[in-house]
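Please look through the structure shown here with this report beside you, taking one residue or strand at a time and finding each one in the model as it is named.

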Amino acid sequence: QVQLVESGGGLVQAGGSLRLSCAAAGSILSILVISWYRQAPGKQRELVAAITSGGSTNAADFVKGRFTISRDNPKNTVYLQMNSLKPEDTAVYYCNARRLVGSVLVDSWGQGTQVTVSS
């Protein structure tokens, strides 16, 4: 199993910055990719950014140029640096780890961290 703990959310004014952290524990060597998702009230959960075990990254178009995903391997932690925040970035942000168990892809989720951007 993999356990994920997010932190770093909070209230910030538009144009400000936050850095979210996702600390992983457990069967971390089996993780293929760690992603950040977000879910705003009344909306579906959407992918924000992802980083693979090989270090490749990807980000949704709506955050490119503003958000950066990175990782610290010795700390087993993935970060989401969020700059130039907008009110529409307000959401609960979740960390997801996808791993291969045998021939099955298994997802693990953190508890989420609230990000609120005021205008």
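In this predicted model, the side chain of R38 makes a polar contact with the side chain of Y93, at a distance of 3.0 Å, and R38 also makes a polar contact, side chain to side chain, with D89 at 2.9 Å. R38 has its place in strand β4, where Y93 in β9 stands opposite R38, so that Y93 is both a partner across the strands and a partner through the side chain. Is R38 buried or exposed? Its relative accessible area is 6%, and because buried means under 20% relative accessible area, R38 counts as buried.

The surroundings of R38 can be followed further. Leaving out residues up to four places away in sequence, R38 touches Q44, R45, E46, V48, F62, V63, F67, E88, D89, A91, V92 and Y93. E46, which appears in that list, is the bridge partner of R38 in β5.

These pairs belong to longer runs of pairing. Strand β4 runs antiparallel to strand β9 (residues 91–101), and eight bridges join them; β4 also runs antiparallel to β5, with six bridges between the two strands. The hairpin of β4 and β5 has six residues between its strands, and in this hairpin G42 takes a positive phi near 80 degrees.

**A strand at the start of the chain**

Strand β1 covers residues 2–7, and its side chains alternate: V2, L4 and E6 point to one face and are buried, whereas Q3, V5 and S7 point to the other face and are not. How many bridges join β1 to strand β3? There are six, and the two strands run antiparallel, with β3 covering residues 18–26. One of the pairs involves S7, whose bridge partner in β3 is S21.

In the loop between β1 and β2 (10–13) lies G8. With a relative accessible area of 33%, G8 is partly exposed. When residues up to four places away in sequence are not counted, G8 touches L18, R19, L20 and T113. The contact with T113 links positions far along the chain from one another, as G8 and T113 are 105 residues apart in sequence, while their C-alpha atoms are 7.2 Å apart in space.

**Strand β8 and the loops**

T77 is found in strand β8, which covers residues 77–82, and it counts as buried at 10% relative accessibility. The side chain of T77 reaches the backbone oxygen of K75 at 2.8 Å. Apart from neighbours within four places in sequence, T77 is in contact with S21, C22, A23, S70, R71 and D72. S21, one of these contacts, is the residue already met as the bridge partner of S7.

N76 lies in the loop between β7 and β8, and S84 lies in the loop between β8 and β9. For N76, phi is near 50 degrees, which is a positive value in a residue other than glycine; for S84, phi is likewise near 50 degrees, again a positive value in a residue other than glycine. K64, in turn, lies in the loop between β6 (57–59) and β7. K64 and A49 are 15 residues apart along the chain, and their C-alpha atoms are separated by 9.1 Å.

The table sets out the accessibility of residues found in loops.

| Residue | Relative accessibility | Class |
|---|---|---|
| G8 | 33% | partly exposed |
| N76 | 34% | partly exposed |
| S84 | 40% | partly exposed |
| K64 | 49% | partly exposed |

**The largest pocket**

The largest pocket holds about 340 Å³ of space. Which residues lie nearest its centre? Of the 15 residues that line the largest pocket, these are I28, I31, I34, R71 and N73. R71 is also among the residues in contact with T77.

Several strands contribute to this lining: β4 (31–39), β5 (46–52), β7 (67–72) and β8 each supply at least two residues. The largest share, three residues, comes from β4, the strand in which R38 has its place. By kind, the lining of the largest pocket divides into eight nonpolar, five polar and two charged residues.

Methods
Residues are numbered from 1 along each chain as its sequence is written. This is a predicted model: local features need pLDDT of at least 70, side-chain atom pairs count only at pLDDT 80 or more; totals for chains, interfaces and linings use all residues. Side-chain values use heavy atoms; hydrogens and water are left out. Buried means under 20% relative accessible area, exposed over 50%, partly exposed in between (1.4 Å probe, protein chains only). Helices (H or I, at least four residues) and strands (E, at least two) are DSSP runs, numbered from the N terminus. Two strands pair if DSSP finds at least two bridges between them. A polar contact is a pair of N or O atoms within 3.5 Å; within protein, one must be able to donate a hydrogen and the other to accept it, and residues adjacent in sequence count only if both atoms are side-chain atoms. Contact means heavy atoms within 4.5 Å. On a 1 Å grid over the protein atoms alone, a cavity is a set of points where a 1.4 Å probe fits but cannot get out, and a pocket is an open set with protein on both sides within 12 Å along at least five of seven lines; lining residues have an atom within 4 Å of a point. Grid points are joined across faces, edges and corners, and a volume is the space filled by probe spheres set on the points. Ala, Val, Leu, Ile, Met, Phe, Trp, Tyr, Cys and Pro count as nonpolar, Asp, Glu, Lys and Arg as charged, and the others, Gly among them, as polar.
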